[in-house]
Amino acid sequence: MKILITGATGYIGRRLAYKALDEGFSVRLFVRNTRKVDTELQRKCEIIQGSTFEEDNLDRALNGIDVAYYLIHSMGKGSDFEALDKKSAENFRNAAIRNSVAKIVYLGGLGEQSNTSRHLRSRNETGRILSSDPGKIDVICFRAGVIIGSGSASFEIVRNITEKLPLMVAPRWVETLTEPVGIQDVIKYLISAADSDLKGSHVVDIGTGKMSFKEMMLKAAKVMHLKRIIIKVPLLTPNLSSYWLILFTPVNFEVAKELIEGLKFPSVKENDKASLLFPEIQPESYEKAFTKALEEIYDNQVISSWCDSSGGRHCDVPFVNEISKAVYKDMHIAEVDNVEAEKVFGSVKMLGGKRGWLAYDILWQLRGIMDKLIGGYGLNRGRRNEKELRVGDYIDFWKVVDLVENKRLLLQAQMKVPGKAWLEFSLIDNTLVQTAFFYPKGLMGRLYWFSMLPFHKFIFGKMLHRVVKRAEKQVL
């Protein structure tokens, strides 16, 4: 069976691609940016670059496909995301029918159409659009609530809040009911749908059982052997709640606000079709799914993250030629003698996250706090993996936009700055070169650059020196 996975560099799509390969499917990926595809997937999958707004590329992607997975949404793309979602779904449905695809499998969100957030309404509308020609193509629309898995936004919020706050003053939405489901079970349902002989259109709600966000945090605390007290107050507005979240979790203000908008409304199952149509799948308990997610983090086995998605400006990987726009550059050099390139570059790739930046970490932390206070990521986003990197990964408030093993690592700043900033590490022969690039926006951008230069001079020089020393000691 030949399947197409859209959104294959996102949180769900990346995991689905690996699982589909394990199950023996012939896999084609349809992605906006091929540089974000894992090396292993590049070797094993056919890849077509394009978007659902490009008819020719969409036809190329769907030609010869038996089952097409639609894992696309426009959350984070601005106020017109609903129109984009609608047009994208229409284009995909029409192209799938045009290319004689037998089945579309879609993953949407739980929540009543009349009583939910704009984003969930749009996800539900997408499912209806994909299913609007039942006589021409079969469609299975799964709907999930909070997905629990290493790297998922919901899991990271619950884990970070529970770990960091013994006493929590929580807003009213902590009592809102939802139905969590483990990421492994989500993938099982998606894979089973491909083999299913169901005809027509079906909406299948999945989850482990109703519980409130408060219950989720208390159960998470029990799994982590922590004692936590939660006090509910009626005073925290969605905006204040968003600021409350960004101070203690890896998400930025935009993502926090989107999530809280959804948490204001119940998101529970409205049908029992999962047990009727897929009885072979017995969803794991919330506690077991949470435990598995923790184990993946501890074992550095996080396959995908909430910020892998290319659905918005806070997650997408820009094309690297933007660096040519830089007005200012600040370069630092360290000589590398008698140390293998793999060890030096491996030391570079370990910067950030729990290991820190090797020089004046207190200044990095202050910069991270400042960034959080104005709605940015700060440093507590950390890393997906403590040693390995791929294009699209995050390192604190940086995004990996280019990676050439043992030669070049290019990071783009995602902290709030008046302009665009990049940090490049290049290994040339026996020289490690670190360059900061900056494209200022107006006068404030220029003032920002010159105010930061004195800090660059002693932070980056010391950082490079310690990167080399770490490589020499082979502490990798």
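Leaving aside its neighbours within four places in sequence, which residues is leucine 62 in contact with? The contacts of leucine 62 are Leu4, Arg28, Ala68, Phe92, Ala95, Ala96, Asn99 and Val101. The model shown here is predicted.

## Leucine 62 and helix H3

Leucine 62 belongs to helix H3. Its relative accessible area is 0%. Buried means under 20%, so leucine 62 counts as buried. Alanine 96 is one of its contacts. Along the chain, leucine 62 and alanine 96 are 34 residues apart, yet their C-alpha atoms are separated by 6.2 Å.

Helix H3 spans residues 55-62, and its buried residues are Asn57, Leu58, Asp59, Ala61 and Leu62. What covers them? The cover of the buried H3 residues includes strand S1 (2-6), S2, strand S3 (46-49), strand S4 (67-70) and H4. Glycine 64 follows H3. The phi of glycine 64 is positive, near 80 degrees.

## Helix H4 against helix H5

Helix H4, part of the cover over H3, also packs against another helix. Two packed helices are described by the angle between their axes and the distance between the axes. Helix H4 (residues 81-98) meets helix H5 (residues 118-130) at an angle of about 20 degrees. Their axes are 9 Å apart. An angle under 35 degrees counts as roughly parallel, so H4 is roughly parallel to H5. The crossing of H4 past H5 is right-handed.

Which residues make the contact of H4 and H5? H4 supplies Phe81, Glu82, Asp85, Lys86, Ala89, Glu90, Phe92 and Arg93. H5 supplies Arg118, His119, Ser122, Thr126, Ile129 and Leu130. By class, the contact of H4 with H5 has five nonpolar, three polar and six charged residues. Phe92 of H4 has a part in this contact, and Phe92 is also in contact with leucine 62.

## Salt bridges

Side chains of opposite charge can pair when their charged atoms come close. How many salt bridges does the structure hold? The structure holds 26 salt bridges. The table lists some of them.

| Salt bridge | N to O distance |
|---|---|
| Arginine 390 and aspartate 38 | 3.3 Å |
| Aspartate 185 and lysine 188 | 3.9 Å |
| Glutamate 405 and lysine 349 | 3.0 Å |

Take the salt bridge of arginine 390 and aspartate 38. Arginine 390 sits in the loop between helix H14 (361-373) and strand S15 (394-395). Aspartate 38 sits in the loop between strand S2 (26-31) and helix H2 (39-44). The pair therefore ties together parts that are 352 residues apart in sequence. Are these two residues buried or exposed? Both arginine 390 and aspartate 38 are buried.

The salt bridge of aspartate 185 and lysine 188 lies within one helix, H7 (residues 183-195). The two residues are three apart, about one turn of the helix. Aspartate 185 is buried, at 0% relative accessible area. Lysine 188 is partly exposed, at 37% relative accessibility.

Glutamate 405 and lysine 349 form a salt bridge that links distant parts of the chain, 56 residues apart. Glutamate 405 is in the loop between strand S16 (398-404) and strand S17 (408-413). Lysine 349 is in helix H13 (residues 341-349). At 41% relative accessibility, glutamate 405 is partly exposed, whereas lysine 349 is buried at 6%.

Some salt bridges share partners. Such bridges join Arg14, Asp38, Arg384, Arg390 and Asp393 into one network.

Note on methods:
Residues are numbered from 1 along each chain as its sequence is written. This is a predicted model: local features need pLDDT of at least 70, side-chain atom pairs count only at pLDDT 80 or more; totals for chains, interfaces and linings use all residues. Side-chain values use heavy atoms; hydrogens and water are left out. A salt bridge is a side-chain nitrogen of Lys or Arg within 4 Å of a carboxyl oxygen of Asp or Glu. Helices (H or I, at least four residues) and strands (E, at least two) are DSSP runs, numbered from the N terminus. Buried means under 20% relative accessible area, exposed over 50%, partly exposed in between (1.4 Å probe, protein chains only). Axes are lines fitted to C-alpha atoms, for helices over the stretch in contact, and angles run from 0 to 180 degrees between N-to-C directions. Angles under 35 degrees count as roughly parallel, over 145 as roughly antiparallel, 65 to 115 as roughly perpendicular and the rest as oblique. A crossing is left-handed if the near helix is turned anticlockwise from the far one by less than a right angle, and right-handed if clockwise. Contact means heavy atoms within 4.5 Å. Ala, Val, Leu, Ile, Met, Phe, Trp, Tyr, Cys and Pro count as nonpolar, Asp, Glu, Lys and Arg as charged, and the others, Gly among them, as polar.
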